[in-house]
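Work through these exercises with the model open. Each task is followed by a stepwise solution.

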Amino acid sequence: MKCFLLISCLAALCHGTENKTKPNIIVIVADDMGFNDVSFHGSDEIPTPNIDALAYNGVILNSHYTQALCTPSRAALLTGRYPIHLGMQHLLILEPEPWGMPLNETLLPQHLKRNGYVTRAIGKWHLGFYKKEYTPTFRGFDSHYGYWQGFHDYYDHTIRATYSKEYGYDFRRNMTVDWDAKGKYSTTLFTEEAVKLIREHDTNHPMFMYFAHLAAHAGNDQDPLQAPDEEIAKFAHIKDPERRIYAAMVSMLDKSVGSVITALREKHMLENSIIVFMSDNGAASDGIHANHGSNYPFRGIKSSNWEGAMRNIAAVWSPLIKKPKRVSNNLMHISDWLPTLFTAAGLDHSQLSSSLDGRDQWKAISEAESSPRTEILHNIDDIFNTRSIRQGDWKYIYGSSGKADEWYGSVGKDALYHYDKDSVINSPVGTAISGVITYQQIKEKNDKLSGHKSENFSVSILDTKEIENLRKEATIVCRKPTPENELENNQCNPIISPCLFNIKDDPCEVVNLATQRPLIVITLEQEIIKYRNTARDPINIPRDPNADPAKYNGVWTNWQDIEVISEKIQFRSLSHLAIALISGACVAVGLIMVVLLTLTCRKAPKRSNPSLYEPAPFTEMECKSDNRFEEREKQLRTSLKDEFREV
């Protein structure tokens, strides 16, 4: 027995040690943030010193692709699968629609939780909520603080349905509606929650935090762009007032990144963490829920198959990266993060499904190896008759998104603008990472086994020259127009016929080469057919009128759960008069039952021949021993229920 206890203790100790070596994983997702809305891509318009410091110190992923819309992107991120294999390839989950991420899919937090991680979700969900089984705390997260829908008002946290009139409040702590959040700015609330969770975290276990911001998505149509006045005032140099507020929204997001990294550093968690920052799709520069973000210099906006919708901001930092401070042009898709983080955490890939579309990119990120990915299926939507794929440098696109097919967005250059490299180095993220690097250098210096005798450290603190070089390398430059580009057969009209672009030479999708390279067009079409043969039918379900928050105290809720339905029937379907009558009847029934009990339990008079039609009264023994009284009570309750229904 003592031996068994000793072995158990050693096993527990080893398990605790193993957990401590697993890195914390923090994934920060911006919403509808454009490629040119961070300053590390070359724009001087909106300073993002914290995000820039993270990117410059880590690896800038300049060919990182997502899906074109919120729901499909998040589905791919958390499952490691293309949306066509989930049935989520068509549009997104609209507010009153009863569908969500298929329950047979195992999500990233579920995998990590099984491997000892504490899992936290903050902010946006947008993967289904009509039944509780689809909500975050039922999909692998230990806690969730945020909202279930695709967006909400930054201050009052309400959301009006996109194509119908439903309107209600959407802010939760786990399954409970959080009314205390009302009136407070969403970005601030989410940041405070993230910092609190980090400060209270038990570091004997690794943390996975999925921090999905509302910013920089638009709010409700009547007031889509919102930020604190003091933050807006900092961007007086931006002439367009809508773009000015958008800049303030992005600035608040950048400050949030600084606060989270600082909290990790103070908790001594940053030394063993992987931090990923990305946008879920391109900016909605125009059209529905326009936020006036910029995807410059790319073509297209959110919801299209152009680069502006899917080639997005992405950067990763970790002290585990062996070759940091560089720009990677390796092809990467958002579905790759699940297997990539699995490897980075030292977990066993045999736990993962063999049907994943994601590719393990950890060596490509950490050691600058070539990417295992050579192809990305952007999407196949047979309802809208659109499809797109990239293979190597070639991109095939068919079908139109209307206005989203054009070029939009601010260039981010002006004589009034100035990029401050020192602000990046001195930002909260810059100083926190500098602290980690300094202690790493001290360790190397004092490591006798390494024979270290010089200042030739494996890592160094970021300087302004490195910033300048990395920023230049991360800036996308489009080819200048030439007379050949303007030829009619080089123009793209994807409704009429497929278009073909060499993305390496023409990242802005200007010159259509379909007529010059017909064999490549045919090859890519055949590849799309192969994918279509593996696709699942879209699982979209039309609007359910029962989702209306007006039926549930003005709150968006899991309206198809039986407990919610019962509550609505009990407290919403009955009038005040009916409730009062039922309450009175219940009191009367109680009094009647007391009287009956008193009368029936008296000693019965002797009868030689009791009536055949009159039941004999209960004896005292019967009152104590059998269930005849219970049977009478059931009969009485049944008759009363019938009366209540009439009421």
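The exercises below cover salt bridges, burial and strand pairing.

This is a predicted model: local features need pLDDT of at least 70, side-chain atom pairs count only at pLDDT 80 or more, and totals for chains, interfaces and linings use all residues. Residues are numbered from 1 along each chain as its sequence is written, and side-chain values use heavy atoms, with hydrogens and water left out.

**Exercise 1. Find the salt bridge between R74 and D31, and state which parts it ties together.**

Step 1. Apply the criterion: a side-chain nitrogen of Lys or Arg within 4 Å of a carboxyl oxygen of Asp or Glu. A search of the whole structure finds 26 such salt bridges.

Step 2. Check the pair. The closest N and O atoms of R74 and D31 are 3.7 Å apart, and the two form a salt bridge.

Step 3. Place the residues. Helices (H or I, at least four residues) and strands (E, at least two) are DSSP runs, numbered from the N terminus. R74 lies in helix α3 (residues 70-79) and D31 in the loop between β1 (24-30) and α2 (49-57), so the pair ties together parts 43 residues apart in sequence.

Step 4. Test burial. Buried means under 20% relative accessible area, exposed over 50%, partly exposed in between (1.4 Å probe, protein chains only). Both R74 and D31 are buried.

**Exercise 2. Locate D32 and K302, and determine how far apart in sequence the parts they tie together are.**

Step 1. The side chains of D32 and K302 meet in a salt bridge, 2.8 Å from N to O.

Step 2. D32 lies in the loop between β1 and α2, and K302 in the loop between β11 (273-279) and α8 (307-310), so this pair ties together parts 270 residues apart in sequence.

Step 3. D32 is buried at 0% relative accessible area. K302 is buried too, at 12%.

**Exercise 3. Classify E231 and K234 as buried, partly exposed or exposed.**

Step 1. E231 and K234 form a salt bridge, with the closest N and O atoms 3.3 Å apart.

Step 2. E231 has 3% relative accessibility and counts as buried. K234, at 47%, counts as partly exposed.

Step 3. Elsewhere, salt bridges that share partners join D31, R74, K124 and D280 into one network.

**Exercise 4. Describe the surroundings of strand β5.**

Step 1. In β5 (residues 143-147), 5 of the 5 residues are buried, so the strand is largely enclosed by the rest of the structure.

Step 2. Strands pair if DSSP finds at least two bridges between them. β4 (residues 118-124) and β5 pair in the parallel sense over 5 bridges. R120 stands opposite S143 in β5.

Step 3. β5 and β8 (residues 172-173) run antiparallel, joined by 2 bridges. Y145 has R173 in β8 as its bridge partner.
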